[in-house]
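The exercises below ask you to read local geometry, burial, strand pairing and ligand contacts from a single model. Try each task on the displayed coordinates before turning to its solution.

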Amino acid sequence: MAATAGTRKLNAHAVRADFPIFEQKIHGKPLAFLDSAASSQKPRQMLEAMTTFYETSYANVHRGVYVLAERATAGLEGAREKVRALINAPDAREIIFVRNATEAINLVAYSWGMNNLGPGDLVIVSELEHHSNFVPWQYVAGKTGARVAMLPLTDDGELDLSALDGLAKDGNVKVVATNHVSNSIGTINPIEKLAAWAHEQGAIFVCDGAQSAPHLAIDVQALGVDFFAISGHKLCGPSGIGALWGRGDLLQAMEPFLTGGHMISSVRLEKTTWGELPHKFEAGTAPMAEAVGLGAAIDYLQDVGFDAIAQHEHELAAYALGRLSEVPGITLYGPPADRRAGIVSFNLDGIHPHDVAQILDMQGVAIRAGHHCCQPLMHKLGVAATNRASFYLYTVQEEIDQLADGLYTVQKVFA
Ligand code: C6P
């Protein structure tokens, strides 16, 4: 893999050769895959790591004393260390494997929220949130008598931090929960500032890193957050695995989320006691092969380099904003290129996003159309849905040209 060989500038064509999915045509056209924010494609190195694990080292983990069980356990725990290093968490025992970012946030909302929220308390989320970082808080607030408030957006699609102190007048702020990068409009949020403000209020700060960890170098200690959630499938790993990082003292004090096998210390009719971290939060058989795949994906991304990935995506976003802004009747959403990740949302006058996406598909272009699991944001933007193109390390400029050309075809079809 010589994606960045020598220099730190990413060579997306070389990267692309590692991804077998691009070897095919779609409707006879080259595949322009512009939906990486929904889920990323997979490099051969990750796929091979999973196959090798199944072929040579597969057994259940933490239970057996035989060679295969030991290899499998080493694979799982090695992956935990890779996730720790990916986000610069202080201790691998604070990394909890879950199914995805949604489960990670639910874990915090239930295990922390059910025991720490009550009447008079306030959970602050933002208008940019994915439902995964809003609905769990709304649900737990409903159960505990706490309230949820939304930090509004500016007209540029950025969080209006000047509204924070006003919101705090409505209750005891106990949780502030925002995403790091918006999946809908690509805004990169000022997490250090938000976390510092949350701590001044005596609140915890929960960061939804589903759209940042795949694209930016992350340091949870420098960000100053208390919890950080990621999904493996968005960072070139397999589906079915994600991770939650939480501050050790908070995790220690929390009740478990799921109970059953593996997460216990002792079980008697009268009382069950919980295992040590991370096991307390990992009931049942672990996603072992998925963890190995995730570890290989992290190795792959680190080999390319997160600074190179972020720079590449930044250039693509600027290019896409330039190309798309030339299309007549287009509305682009979100902040300027220098303050956004590789995500561009737009609408074409008078053409429903689903129609746009369907006609683009005929030209080999895959984008997402819909509310992107962000209905409060769509409401704020005054639309039911948008089209969204999202980029990753394997995205090449030609795919954005294919998208822009495709939009003219869409307009001809509807003229
Ligand atoms: N966003 C998108 O197309 P899961 O489904 O648990 O892996 O990730 C949930 C999630 C949480 N937060 C953010 C910011 C996200 O973008 C997502 C997933 C996908 O935008 C699927 S809706």
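**Exercise 1. Place Q397 in the secondary structure, state its exposure class, and relate it in space to Y300.**

Solution. Q397 is found in helix α14, which spans residues 397-414; helices (H or I, at least four residues) and strands (E, at least two) are DSSP runs, numbered from the N terminus. The model is a predicted one, in which local features need pLDDT of at least 70 and side-chain atom pairs count only at pLDDT 80 or more, whereas totals for chains, interfaces and linings use all residues. Residues are numbered from 1 along each chain as its sequence is written, and side-chain values use heavy atoms, with hydrogens and water left out.

The next step is the exposure class, for which buried means under 20% relative accessible area, exposed over 50%, and partly exposed in between (1.4 Å probe, protein chains only). At 40% relative accessibility, Q397 therefore counts as partly exposed. Finally, the C-alpha atoms of Q397 and Y300 are separated by 22 Å, with their positions 97 residues apart along the chain taken as sequence separation.

**Exercise 2. Determine how strand β9 is enclosed and which strands pair with it.**

Solution. Begin with burial: five of the five residues of β9 (residues 227-231) are buried, so the strand is largely enclosed by the rest of the structure. Taking the two faces separately, F227, A229 and S231 are buried on one side, and F228 and I230 are buried on the other, which leaves both faces covered.

Then turn to pairing, where two strands pair if DSSP finds at least two bridges between them. Strand β8 (residues 204-208) pairs with β9 in the parallel sense over three bridges, and C207 has F228 as its bridge partner in β9. Strand β10 (residues 242-246) pairs with β9 in the antiparallel sense over five bridges, with A229 standing opposite L244 of β10.

**Exercise 3. Describe the hairpin formed by β11 and β12, then find the cis peptide bond that ends at P278.**

Solution. Strand β11 (residues 264-267) and strand β12 (residues 272-274) pair in the antiparallel sense over three bridges, and the two form a hairpin with four residues between them. Within this pairing, I264 stands opposite W274 of β12.

For the second part, inspect the loop between β12 and α10 (288-304), where P278 is found. The peptide bond from L277 to P278 is cis, with omega near 0°.

**Exercise 4. Which two residues in the loop between β16 and α13 have a positive phi, and is each of them buried or partly exposed?**

Solution. As background, most residues other than glycine have a negative phi, and most peptide bonds are trans. H372, which is not a glycine, has a positive phi of about 60°, and it lies in the loop between β16 (368-370) and α13 (375-381). C373, in that loop between β16 and α13, likewise has a positive phi of about 60° although it is not a glycine. Turning to accessibility, H372 is buried, with a relative accessible area of 0%, whereas C373 counts as partly exposed at 23%.

**Exercise 5. Characterise the surroundings of the ligand, its polar contacts and its position relative to the domains.**

Solution. First collect the shell: 17 residues surround the ligand, the closest being T102, D208, S231, H233 and R368, where a residue is near the ligand if one of its heavy atoms lies within 4 Å of it. The shell divides into five nonpolar, eight polar and four charged residues; Ala, Val, Leu, Ile, Met, Phe, Trp, Tyr, Cys and Pro count as nonpolar, Asp, Glu, Lys and Arg as charged, and the others, Gly among them, as polar.

Next, list distances to side-chain N or O atoms. An oxygen atom of the ligand is 2.7 Å from such an atom in Q211, an oxygen atom of the ligand is 2.8 Å from one in N183, and a nitrogen atom of the ligand is 3.4 Å from one in H130. The protein covers 90% of the 510 Å² of accessible area that the ligand has on its own, with areas computed by the Shrake-Rupley method using a 1.4 Å probe.

Last, consult the domain bounds, which come from an automatic or database domain assignment. Domain 1 (12-30 + 305-413) and domain 2 (49-302) both give residues to the shell, so the ligand lies between them.

Notes. A polar contact is a pair of N or O atoms within 3.5 Å; within protein, one must be able to donate a hydrogen and the other to accept it, and residues adjacent in sequence count only if both atoms are side-chain atoms.
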